[in-house]
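User: I would like a close look at one part of this protein, followed outward into its surroundings. Please take the metal site as the starting point and keep the account connected.

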Amino acid sequence: MPGAADDESLIETPDRQDREEKALAPYAMRVRLSRGRCYPEEPHPYRTLYHRDRDRIVHSTAFRRLMYKTQVLVNQTSDHHRTRLTHTLEVAQISRTIARQLGLNEDLTEAIALAHDLGHPPFGHAGETALAECMADHGGFEHNRHGLRLITELEYRYPNFPGLNLSWEVLEAQARHSKNPQAQDVGPYLSAGGPLLEAQVVDAADSLAYDTNDIDDAWGVGFIPPYPRALGLLWLLAFARVGGRHGRVGPPYFQPAVVRALIDWQVSDLLEQTAIRLRADAIGSIDDVRAAGRALVGPSPEVRALKAELEDFLHRRVYRHYSVMRMALKGNRFLHHLFEEFRKNPLQLPERYAHRAQETSPHRAVCDYLAGMTDRFAQDEYLRLFQPYALV
Ligand code: MG
């Protein structure tokens with residue numbers, strides 16, 4: 001993808017540049033160093049490049065659809081567990097806290113965080129597996145690459161360019177998550193060296209948030225017992241921290257207190273460890289970050305080991321819980337049936353996708369249509385197609 005060195009949105013007032021210079025650490029990304037947008041745009045009178053990126057993501061259709069997309073537990077399970085949207089907001093919040101403390105670019109960090117899960121299809125990872133199976137001989141499917149496709153192509157909100165025309169750095173962060181670095185749409189974003197610290201912060205915050213919150217949600221719906229020793233040492237140490245701070249805490253306060261302690265502990269550890277690495281590698285500029293050759297933002301080896309133990313528990317006891325498995329496999333079946341039906345008879349697709357099916361590949365058009373659905377919409381669409389008396 002071309003970087004636009006003459007992008008007018010990079011023209012910043014001296015006052016704003018000065019403020020950025022004063023506020024940010026030397027290794028933070030700055031607007032004036034950006035590779036800009038693919039399609040040059042007029043500068044905004046008071047919003048910076050990354051500030052506009054963040055706003056565009058929040059106003060996108062894909063962002064609103066996160067509300068009804070499964071994180072781990074499907075929407076009908078309860079009214080208060082995480083969805084993709086609330087997970088995304090928690091990641092953005094934790095990322096911003098870390099970015100501010102490290103003197104990084106908060107707007108850029110927040111934009112990367114808000115976009116990081118946009119490409120997830122309905123039904124969580126089961127949905128991703130289903131679409132990857134359907135597309136095995138037609139270019140494959142991966143939520144990270146689909147997210148990139150959404151923000152560069154499929155969102156249609158601006159008459160003068162496709163997608164959201166986000167800055168190169170936000171697209172780079174999205175592309176870097178792909179498991180297929182050789183892919184034509186991913187490769188060009190890997191040319192700059194190692195990832196920016198802002199992108200590294202979001203990766204770390206994502207991992208920290210989903211580990212903690214998946215346990216919290218599973219606990220909340222009774223998948224795991226209230227005082228689970230099997231959760232591992234990380235949780236036992238968090239229990240001890242809560243006890244040390246509040247003494248004996250009863251059921252309504254105990255669980256949120258443990259979750260809070262756990263997030264706070266992991267964020268503090270991450271900040272400490274990152275500061276140590278930045279010092280050890282003498283990181284003093286963006287060029288140093290790009291050339292570092294290792295992840296600079298991350299937990300201590302002790303917390304990493306404790307997290308691994310927790311993740312093992314999650315895999316065994318939560319992600320494979322029979323209720324989760326039933327919904328995951330049901331979602332997988334839904335998507336296979338929908339895919340097959342639309343592929344065989346693309347005239348059933350809404351106009352926009354039917355048009356794309358003719359213009360590009362029918363497989364990719366059907367995949368784009370399904371990947372954009374919420375769980376709720378996919379279920380309704382299934383009824384409309386296969387239930388004899390459902391309204392169309
Ligand atoms: Mg995530």
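How are the donor residues of the magnesium ion spaced in sequence?

Analyst: In this predicted model, the donor residues of the magnesium ion follow the spacing H-x28-H-D-x88-D along the sequence. The protein donors behind that pattern are His87 and His116, each through NE2, together with Asp117 and Asp206, each through OD, and they lie 2.2 to 2.6 Å from the ion. The adjacent letters H-D in the middle of the pattern belong to histidine 116 and aspartate 117, both of which are buried.

From these donors one can turn to the loop between α5 (106-115) and α6 (124-134), where phenylalanine 123 has its place. The backbone of phenylalanine 123 has a phi near 65°, a positive value in a residue other than glycine. Phenylalanine 123 counts as buried because its relative accessibility is 4%, where the limit for that class is under 20%. By the ring-centre rule there are 12 aromatic pairs in the model, and one of them joins phenylalanine 123 to phenylalanine 334, with centres 5.7 Å apart and planes at 20°, so the pair is stacked. This pair links distant parts of the chain, since phenylalanine 123 sits in the loop between α5 and α6 while phenylalanine 334 belongs to helix α14 (residues 322-344), 211 residues apart. Both phenylalanine 123 and phenylalanine 334 are buried. Ring pairs also extend the grouping, linking Phe123, Phe334, Tyr382 and Phe386 into a cluster.

Another ring pair brings in helix α8. The rings of tryptophan 168 and tyrosine 189 have centres 5.8 Å apart and planes at 45°, so this pair is tilted; an angle between 30 and 60 degrees falls outside both the stacked and the edge-to-face classes. Here tryptophan 168 lies in helix α8 and tyrosine 189 in the loop between α8 and α9 (197-220), 21 residues apart, and this pair too links distant parts of the chain. Tryptophan 168 counts as buried at 1% relative accessibility, and tyrosine 189 is likewise buried, with a relative accessible area of 4%.

The loop between α7 (143-154) and α8 (168-176) holds asparagine 165, a residue with a positive phi of about 50° although it is not a glycine. At 5% relative accessibility, asparagine 165 counts as buried. The two helices that flank this loop also pack on each other: the axes of α7 and α8 come within 8 Å and cross at roughly 155°, and α7 and α8 are therefore roughly antiparallel to each other. In this contact Asn144, Gly147, Leu148, Ile151 and Thr152 of α7 meet Leu171, Gln174 and Ala175 of α8, and by class the contact has 4 nonpolar, 4 polar and no charged residues.

Both α5 and α8 appear again in the packing of helix α2, whose buried residues lie against α3 (61-65), α5 and α8. Helix α2 (residues 49-58) is mostly covered, with 8 of its 10 residues buried. The buried set consists of Leu49, Tyr50, Arg52, Asp53, Arg54, Asp55, Arg56 and Ile57.

A further helix contact can be followed from the sequence neighbourhood of the remaining donor, Asp206. Lysine 307, which lies in helix α13, is in contact with Ser207, Leu208, Asp211, Leu234 and Gln266 once its neighbours within four places in sequence are left aside. At 9% relative accessibility, lysine 307 counts as buried. Lysine 307 also takes part in the packing of α10 on α13, where Leu233, Leu234, Trp235 and Leu237 of α10 meet Leu306, Lys307, Glu309 and Leu310 of α13. By class, this contact has 6 nonpolar, no polar and 2 charged residues. Helix α10 (residues 233-246) and helix α13 (residues 301-318) pack at an angle of about 110° with their axes 7 Å apart, and α10 and α13 are therefore roughly perpendicular to each other. Arginine 316 is found in α13 as well, but arginine 316 is partly exposed, with a relative accessible area of 46%, whereas lysine 307 is buried.

Conventions: Residues are numbered from 1 along each chain as its sequence is written. This is a predicted model: local features need pLDDT of at least 70, side-chain atom pairs count only at pLDDT 80 or more; totals for chains, interfaces and linings use all residues. Side-chain values use heavy atoms; hydrogens and water are left out. Donors are N, O and S atoms within 2.8 Å of the metal (3.2 Å for Na, K and Ca); water is not among the atoms, so sites may look incomplete. Buried means under 20% relative accessible area, exposed over 50%, partly exposed in between (1.4 Å probe, protein chains only). Axes are lines fitted to C-alpha atoms, for helices over the stretch in contact, and angles run from 0 to 180 degrees between N-to-C directions. Helices (H or I, at least four residues) and strands (E, at least two) are DSSP runs, numbered from the N terminus. Angles under 35 degrees count as roughly parallel, over 145 as roughly antiparallel, 65 to 115 as roughly perpendicular and the rest as oblique. Contact means heavy atoms within 4.5 Å. Ala, Val, Leu, Ile, Met, Phe, Trp, Tyr, Cys and Pro count as nonpolar, Asp, Glu, Lys and Arg as charged, and the others, Gly among them, as polar. Rings of Phe, Tyr and Trp (its six-membered ring) pair if their centres lie within 6.5 Å; planes under 30 degrees apart count as stacked, over 60 as edge-to-face and the rest as tilted.
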